[in-house]
Amino acid sequence: VPNSRNDGNTVTRWQYGGAEEARTPDPLLASTDYLNSYLNTLKVRNCANRYIEQNRHFLTPYGTSGTKIDQESALQYLGTFNNIGANSRARYGAMLKGFLNHMGIPFDTKFKRPKLLPQRVRHEDVEKLKEAIRNKRTHKKSAFRDLVLIETAVKTGMRRGELAQLLVSHISFEANRISVMAGKGAKDRTIPIAESLKNLLMELCADKRFNESVFGFKPVSLGMKIKEWADKAGVPITAHSLRHYFATTLMEKGANIRQVQELLGHESLATTQIYLQLMNDHLEDAIGLLD
């Protein structure tokens with residue numbers, strides 16, 4: 001019978017007929033308690049709600065399975081996602097690493113993210129997208145809202161979730177500013193807006209309450225709507241590629257990379273620098289030397 005038992009990594013003393021024997025405690029088994037403990041830690045660290053929910057959605061099947069929590073079982077679980085893209089697998093790997101580290105279990109596997117160029121969106125395709133919205137056969141009353149949504153995306157570079165979470169109260173029409181509240185990484189930032197965009201937003205928000213959503217979409221449905229309009233227009237545009245369009249347009253017009261970084265809300269300048277690879281005029285100048 002056990003003489004004493006401690007949780008964690010301490011040695012358990014078991015007594016058999018008066019003789020004591022040292023044993024390693026039972027391994028940690030995945031349970032709801034452990035998963036909730038980790039998710040609460042993310043909340044304490046002030047992680048964004050969306051990031052916490054992504055962790056909950058991904059980790060729940062593993063974190064409540066009752067299996068032994070270790071690197072081998074974590075890698076086996078991750079292996080069930082081999083059909084997804086490398087970037088997504090790397091993101092899931094980071095979530096598993098965070099969970100195992102919280103449990104005091106090493107997870108030293110590295111996941112290489114492919115360095116993919118952002119999608120280059122042509123001005124002509126954006127105009128085709130707008131035209132498809134103007135020519136909608138149904139829900140014509142929402143066409144103005146949808147056009148303002150596209151205009152806001154291409155003139156602010158806001159993420160899909162940021163557009164969906166935009167409230168009337170986040171827009172300062174007097175100062176020509178939009179406040180992005182709790183963006184990626186739970187960070188706020190301010191984006192100046194041009195007079196033309198301000199006027200469109202004022203018209204759209206004229207009959208809305210102070211705390212009402214500007215566009216009335218959830219993040220997922222907003223992305224699906226833009227994809228639906230793009231399909232009808234026959235152009236390869238997504239909600240996120242409109243953000244790429246914003247960044248490359250700014251650089252084409254002479255904005256410096258630090259300004260673009262701040263407007264996009266990138267924590268690292270290296271993330272913003274990838275857009276420079278789309279601006280390859282200097283490479284064409286170099287090849288021109290061969291003529």
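Biologist: In this predicted model, where does Asn46 lie, and what is notable about its phi?

Modeller: As a general idea, most residues other than glycine have a negative phi. Asn46 lies in the loop between helix H1 (32-44) and helix H2 (49-63), and its phi is near 70 degrees, a positive value in a residue other than glycine. Asn46 is exposed, with a relative accessible area of 59%.

Biologist: Which loop holds Asn176, and is that residue buried or exposed?

Modeller: Asn176 is in the loop between strand S4 (171-172) and strand S5 (177-180), and its phi is positive, about 55 degrees, although it is not a glycine. With a relative accessibility of 16%, Asn176 counts as buried, since the cut-off for that class is under 20%.

Biologist: Which residues of helix H11 are buried, and why do they fall on the same side of H11?

Modeller: An α-helix has 3.6 residues a turn, so residues three or four places apart point the same way. In H11 (residues 257-264), the buried residues are Ile257, Val260, Gln261 and Leu264. They cover an arc of only 105 degrees around the axis, which places them on the same side of H11, while the face turned away from that buried side carries the exposed residues Arg258 and Glu262.

Biologist: What do the buried residues of H11 pack against, and what is found at the start of H11?

Modeller: Those buried residues pack against strand S6 (189-192), helix H10 (239-252) and helix H12 (269-273). At the start of H11, a side-chain oxygen of Asn256 comes to within 3.0 Å of the backbone nitrogen of Arg258, and after the helix comes Gly265, with a positive phi near 80 degrees.

Note on methods. Residues are numbered from 1 along each chain as its sequence is written. Side-chain values use heavy atoms; hydrogens and water are left out. Buried means under 20% relative accessible area, exposed over 50%, partly exposed in between (1.4 Å probe, protein chains only). Helices (H or I, at least four residues) and strands (E, at least two) are DSSP runs, numbered from the N terminus. The arc is that of the directions from the helix axis to the C-beta atoms. Contact means heavy atoms within 4.5 Å. A polar contact is a pair of N or O atoms within 3.5 Å; within protein, one must be able to donate a hydrogen and the other to accept it, and residues adjacent in sequence count only if both atoms are side-chain atoms.
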